[in-house]
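User: I would like a close look at a single part of this model. Please describe that part in detail and then place it within the chain as a whole.

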Amino acid sequence: MSSLDGPDEDNPLGKPAVPDHVQQAIRTLIEWAGDDPAREGLIDTPKRVARAWKEYCQGYGEDPAIHLSRVFEEVGGYDEVVLLKDIPFQSHCEHHMAPIIGKAAIAYLPKDHVVGISKLARVLHGFARRLQIQERLTAEVAQCIWDHLQPQGVAVVIEASHACMTARGVRTPGVSMITSRMMGTFLDDERSRKEVLSLMGY
Ligand SMILES: [Zn+2]
């Protein structure tokens with residue numbers, strides 16, 4: 001049952017084929033978990049899981065900085081905080097490959113130019129769609145904006161719940177983790193930091 005041979009009835013849209021060894025790995029996992037990968041309901045599961053994982057991890061195929069390459073220099077004298085908050089995102093923890101589901105607040109204090117506001121969310125998703133730890137995700141988003149937008153300050157706060165903690169291990173639903181990264185003005189100046197955190201709702 002090679003997915004590389006011939007037409008795939010299960011795949012009328014012609015999605016990319018899932019190599020056999022990848023499907024086999026998922027069958028092995030199903031078996032290890034205690035089920036029979038050959039039973040009807042699970043027959044196509046390896047292909048679906050593999051494609052889902054390609055999607056969860058599509059950040060590996062992109063450089064998030066690309067979203068910051070088009071900037072607007074006409075800011076009309078605006079020199080206050082630009083903040084995008086409650087940005088929902090999904091990632092997966094690199095220790096358990098379990099979902100990390102949360103929201104982010106991303107702010108910067110522009111110097112000479114601004115970006116389209118949706119670009120901040122795109123940068124977040126570019127890094128989130130990889131195997132991650134929340135601390136690194138937070139730092140990577142902040143660093144990317146710092147490097148490519150060269151603002152006076154960057155503040156990123158991420159609040160997320162980790163399925164590896166809520167659904168297994170200590171099984172504590174409702175717990176969320178908050179991480180933050182402050183750079184430039186937001187790091188150096190306490191008043192600016194307090195201001196941005198309060199705009200973010202913290
Ligand atoms: Zn984990």
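Analyst: M97 sits in the loop between β2 and β3. In this predicted model, the phi of M97 is near 55 degrees, a positive value in a residue other than glycine. Most residues other than glycine have a negative phi. M97 counts as partly exposed, with a relative accessibility of 44%.

The loop that holds M97 also contains H96, for H96 lies between β2 (82-93) and β3 (99-109). H96 contributes its ND1 atom to the zinc ion, whose other protein donors are the SG atoms of C93 and C164. These donors lie 2.2 to 2.3 Å from the zinc ion. Along the chain they follow the spacing C-x2-H-x67-C. H96 is in the loop whereas C164 belongs to helix α5 (residues 163-166), so the pair ties together parts that are 68 residues apart in sequence.

The two members of that pair may also be described by their accessibility. H96 is partly exposed, at 39% relative accessibility. C164, at 13%, counts as buried, because the cut-off for a buried residue is under 20% relative accessible area. Since water is not among the atoms, the zinc site may look incomplete.

Strand β2, on one side of the loop, has a backbone feature of its own. D86 is found in this strand, and D86 has a positive phi of about 55 degrees although it is not a glycine. The relative accessible area of D86 is 44%, which places D86 among the partly exposed residues.

The wider chain gives the setting for this part. Its secondary structure consists of seven helices and seven strands, arranged from the N terminus in the order α-α-β-β-β-β-α-β-α-β-α-β-α-α. Residues 24 or more positions apart account for 66% of the contacts in the chain with a separation of 6 or more.

As to overall form, the C-alpha trace spans about 65 × 40 × 20 Å along its principal axes. The radius of gyration of the chain is 21 Å, whereas a compact globule of 202 residues would have one near 17 Å. Of the 202 residues, 39% are buried. The chain exposes about 11800 Å², and carbon and sulfur atoms supply 53% of that area. Its charged side chains comprise 22 positive and 28 negative ones, with the centres of the two sets 2 Å apart.

Key: Residues numbered from 1 in each chain as written. Predicted model: local features only at pLDDT ≥ 70, side-chain atom pairs only at ≥ 80, totals over all residues. Heavy atoms only, no water. Helix = DSSP H or I, 4+ residues; strand = E, 2+ residues; numbered from the N terminus. Rg over C-alpha atoms; globule rule 2.2 N^0.38 Å. Buried < 20%, exposed > 50% of the residue type's maximum accessible area, 1.4 Å probe, protein only. Contact = heavy atoms within 4.5 Å. Areas by Shrake-Rupley, 256 points an atom, 1.4 Å probe, with all protein chains shown as cover. Lys, Arg positive; Asp, Glu negative; His and termini not counted. Charge placed at Lys NZ, Arg CZ, Asp CG, Glu CD. Donors = N, O, S within 2.8 Å, 3.2 Å for Na, K, Ca; no water.
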